[in-house]
Amino acid sequence: MLGYNPDQEMYPFDMDKCAAELALAWDGKLPETGFRLQALTATGYAMNQTALAILQSNLRTINPNYRLEIVTLPWAAYLAGFRARLLPVAVSGWSEDYHDPHNWVQPFLIGTYATRQSFPDEFKNIFRPLIEQAVVEPDPAKRAELYYEIGKLRYEWVPEVNLSQSGNYTYQQRWVRDYYYNPVLSGEFYLYAFDLAGRE
């Protein structure tokens, strides 16, 4: 995708660094005091529940006083709580509506998901000028550079933690012709393009 930077700096997985950062909280009192926190996702989303279970296990490994409780809610209740900004930790998914980097940075940094995560306007305004400039920039090379800058800001400010993206697979019988993969359709078929062998 335009704006993807393979050289973008990323945070490594580092349990020792995590433990050290958590130990600084509350003037160094967190390791002894600990915490109990609920993390939520919708019922039936195994991938989200797995991600939370990994986080739960890692926190417990760092310190048994760090307790993360996994709560699942029916989709309607989860979505209502998420939209009302009532969830302390939430795992959610996103799939692009159209194949452009704006459809990723706008929702997460200044739009829907930023609002659901209660980002203050001052925080959104760190990203807003670059996002608004990038979406109207006609030169693809300049747009890519703007998205590189947005990526650097995301690394610096860490507005949220992005997890892995699942791969999609689809299989067709040998007689199906003219099939093409479109990741935006999430495995759905554009049947009007299909043809079948033997119909000549």
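**Asn 103**

I began with Asn 103 in this predicted model, and found the residue buried, with a relative accessible area of 5%. Asn 103 belongs to helix H6, and I noted that its side chain reaches the backbone nitrogen of Asp 97 at 2.5 Å. Setting aside neighbours within four places in sequence, I listed Trp 94, Glu 96, Asp 97 and Tyr 98 as the residues in contact with Asn 103.

**Helix H9**

I then turned to helix H9, residues 140-157, and looked up its length: the helix has 18 residues and reaches 26 Å from its first C-alpha to its last, close to the 26 Å expected at 1.5 Å a residue. At the start of H9, I found a side-chain oxygen of Asp 139 within 2.9 Å of the backbone nitrogen of Ala 141.

Which residues of H9 are buried? I wrote down Arg 143, Ala 144, Leu 146, Tyr 147, Ile 150, Gly 151, Leu 153 and Arg 154. Among what covers the buried residues of H9 I noted helix H6 (102-110) and helix H8 (121-136), and H6 is the helix in which I had already placed Asn 103.

**Salt bridges**

How many salt bridges does the structure hold? I recorded six, and looked up three of them in detail, bearing in mind that side chains of opposite charge can pair when their charged atoms come close.

The side chains of Arg 143 and Asp 100 meet in a salt bridge, with 2.9 Å from N to O. Arg 143 lies in helix H9 and Asp 100 in the loop between strand S3 (89-90) and H6, so I take the pair to tie together parts that are 43 residues apart in sequence. Are these two residues buried or exposed? I found both Arg 143 and Asp 100 buried.

Also in H9, Lys 152 forms a salt bridge with Glu 149, and I noted 3.3 Å between the closest N and O atoms. Lys 152 and Glu 149 both lie in this helix, three residues apart, which is about one turn of the helix. I entered Lys 152 as partly exposed because its relative accessibility is 45%, and Glu 149 likewise counts as partly exposed, at 33% relative accessibility.

The third pair I looked up is Lys 17 with Glu 21, a salt bridge whose closest N and O atoms are 3.4 Å apart. Because Lys 17 and Glu 21 are four residues apart in helix H1 (residues 15-22), I put their separation at about one helical turn. Lys 17, at 48% relative accessibility, counts as partly exposed, and so does Glu 21, at 45%.

**Positive phi values**

I next checked phi, since most residues other than glycine have a negative value. Val 158 has a positive phi near 45° and is not a glycine; this is the residue that follows H9, and I placed it in the loop between H9 and S4. With a relative accessible area of 39%, Val 158 is partly exposed.

Ser 118 is another non-glycine residue that I listed here, with a positive phi of about 60°. I found Ser 118 in the loop between helix H7 (112-116) and H8, and noted that it is partly exposed, with a relative accessible area of 39%.

**A nonpolar surface patch**

What makes up the nonpolar surface patch of about 430 Å²? I listed Tyr 11, Val 158, Val 161 and Leu 163, so that Val 158 came up again, having been entered above for its positive phi. I located Leu 163 in the loop between helix H9 and strand S4 (176-177), and Val 158 lies in the loop between these elements as well.

**Leu 40**

My last entry concerns Leu 40, which I found in strand S1 (residues 35-42). I entered Leu 40 as buried because its relative accessibility is 6%, where buried means under 20%. Leaving out residues up to four places away in sequence, I noted that Leu 40 touches Leu 52, Val 71, Leu 73, Tyr 78, Leu 87, Pro 88, Val 89, Ala 90 and Val 91. I looked further at one of these, Val 71, which is 31 residues from Leu 40 along the chain, and found their C-alpha atoms separated by 4.8 Å.

Definitions and conventions: Residues numbered from 1 in each chain as written. Predicted model: local features only at pLDDT ≥ 70, side-chain atom pairs only at ≥ 80, totals over all residues. Heavy atoms only, no water. Patch = residues over 30% accessible without salt bridge, like charges linked within 9 Å, V, L, I, M, F, W, Y side chains within 5 Å. Areas by Shrake-Rupley, 256 points an atom, 1.4 Å probe, with all protein chains shown as cover. Salt bridge = Lys/Arg side-chain N within 4 Å of Asp/Glu carboxyl O. Helix = DSSP H or I, 4+ residues; strand = E, 2+ residues; numbered from the N terminus. Expected span 1.5 Å × (residues − 1). Buried < 20%, exposed > 50% of the residue type's maximum accessible area, 1.4 Å probe, protein only. Contact = heavy atoms within 4.5 Å. Polar contact = N/O pair within 3.5 Å; in protein donor to acceptor, adjacent residues only side chain to side chain.
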